[in-house]
Amino acid sequence: SSGNGNCVVAGPPITVDFDNPGKTVFRLKVKMRDTSYIYTSLDDDFFDPEFGDTGLYNPVNLMAHTQGFLFGLEEFDEKKTTVLFVHGSSGTPRDWKYLVDGLDRSRFQPFFLYYPSGLPLDKLGSLLAQVVDAMDKNAGNGNRTIVLAAHSMGGLIALSAINKLSTDRPLPASLKLYISFSTPYGGDDSARKWLDTAPVMVPAWRDIAAGSAFLQELDRRQTPKALPFHLFFSYNDPSTFKLGESSDGAVTLRSQLAPVQQAAAVRLYGFNETHNGILASPAAREAFFRLIDSVSPRPAVGNAR
């Protein structure tokens, strides 16, 4: 640790023998760096896609790498609309590069939840809820606008956070819009097989399995009507031999268009893209920009003299 802060490090494996108690002594050499939540580019090695798999299968190692959960490309500016991006399973904030590169940075400010995607989704929903709540409370003059954008499994985390933020209280006033991209709201049928056969148990798989208690709770709560929700879905399956249900190569259309979430959405937007390709789609980006523009305050224009 440095100062009053804490850090997470990946340590060596330790065998515990309850019949023969003892102690283990080891040296741990850790290269420390000054941490910051600001990185000037998503091309920085900090956001390398290899860390997406790390977060799925070894969450502690990702937390040792990031030493935090919220990152941006510039310091907070309360005059700008905050667009909070939530990546999906095995993802990193770099997944959003195409959309971010097109943002009008004079009006919009991107921030990213960078999290270990293998953790239980309810806990990740609580984490995101805390981030949004903190942003809302630190809004300064109270005029902050927050847009929540989530891809794939990140949409389940975002919806969980929204539900937590609206439990027994109004939604944060600054949260104006929620947009999801290719989210498996109906879960994944194959995830049940992973639970029985996978050599490594990933807690998130239990939550994303079709019919899970986590998904049932999301359906029961639904999306608050006070928050405009726009649902983007994708339907281009790149497989040479297409077997089973229609999908985008990763998530079925049936799951993306789960009835409860269809009913909650202000509008549905379909794109002939793959599951990850939707984040590099000009049509999806244009639709996204139109939506965030509609809730972003315009810069004040001085009175003519």
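Ser 152 is buried in this predicted model, since its relative accessible area of 9% lies under the 20% limit below which a residue counts as buried. Its place is in the loop between strand E4 (146-151) and helix H5 (153-165), and it has a positive phi of about 55° although it is not a glycine. Most residues other than glycine have a negative phi.

A positive phi of about 65° is also found at Ser 90, which is not a glycine either. Ser 90 sits in the loop between strand E2 (81-86) and helix H3 (97-101), and because its relative accessibility is 25%, which falls between the limits of 20% and 50%, Ser 90 counts as partly exposed. The two serines are set side by side in the table.

| Residue | Phi | Loop between | Relative accessible area |
|---|---|---|---|
| Ser 90 | about 65° | strand E2 (81-86) and helix H3 (97-101) | 25%, partly exposed |
| Ser 152 | about 55° | strand E4 (146-151) and helix H5 (153-165) | 9%, buried |

These loops belong to a chain that has 11 helices and 7 strands. Of the 305 residues of the chain, 45% count as buried, while the chain exposes about 16,100 Å², of which carbon and sulfur atoms supply 51%. Among the contacts that join residues at least 6 apart in sequence, 78% are between residues at least 24 apart.

The interior can be described through its nonpolar cores. The largest nonpolar core holds 45 residues, and the members that touch the most other members are Leu 128, Leu 148, Leu 156 and Tyr 178. When residues up to four places away in sequence are not counted, Tyr 178 touches a list of residues that includes Leu 148, Ala 150, Gly 155, Ala 158, Leu 159 and Ile 162, and also Tyr 185, Leu 227, Pro 228, Phe 229 and His 230. A second core, separate from this one, has 32 residues, among them Phe 47, Phe 108, Phe 288 and Ile 292.

One pair of helices can be followed in detail. Helix H1 (residues 50-57) and helix H2 (residues 59-66) pack with their axes 5 Å apart and at an angle of about 130°, and the two helices are therefore oblique to each other. On the H1 side the contact is made by Phe 51, Thr 54, Gly 55, Leu 56 and Tyr 57, and on the H2 side by Pro 59, Asn 61, Leu 62 and His 65. By type, the residues of this contact divide into 5 nonpolar and 4 polar, with no charged residue.

Note on methods:
Residues are numbered from 1 along each chain as its sequence is written. This is a predicted model: local features need pLDDT of at least 70, side-chain atom pairs count only at pLDDT 80 or more; totals for chains, interfaces and linings use all residues. Side-chain values use heavy atoms; hydrogens and water are left out. A nonpolar core is a set of buried Ala, Val, Leu, Ile, Met, Phe, Trp, Tyr and Cys residues joined through side-chain atoms within 4.5 Å. Buried means under 20% relative accessible area, exposed over 50%, partly exposed in between (1.4 Å probe, protein chains only). Contact means heavy atoms within 4.5 Å. Axes are lines fitted to C-alpha atoms, for helices over the stretch in contact, and angles run from 0 to 180 degrees between N-to-C directions. Helices (H or I, at least four residues) and strands (E, at least two) are DSSP runs, numbered from the N terminus. Angles under 35 degrees count as roughly parallel, over 145 as roughly antiparallel, 65 to 115 as roughly perpendicular and the rest as oblique. Ala, Val, Leu, Ile, Met, Phe, Trp, Tyr, Cys and Pro count as nonpolar, Asp, Glu, Lys and Arg as charged, and the others, Gly among them, as polar. Accessible areas come from the Shrake-Rupley method with a 1.4 Å probe; for residues, only the protein chains shown count as cover.
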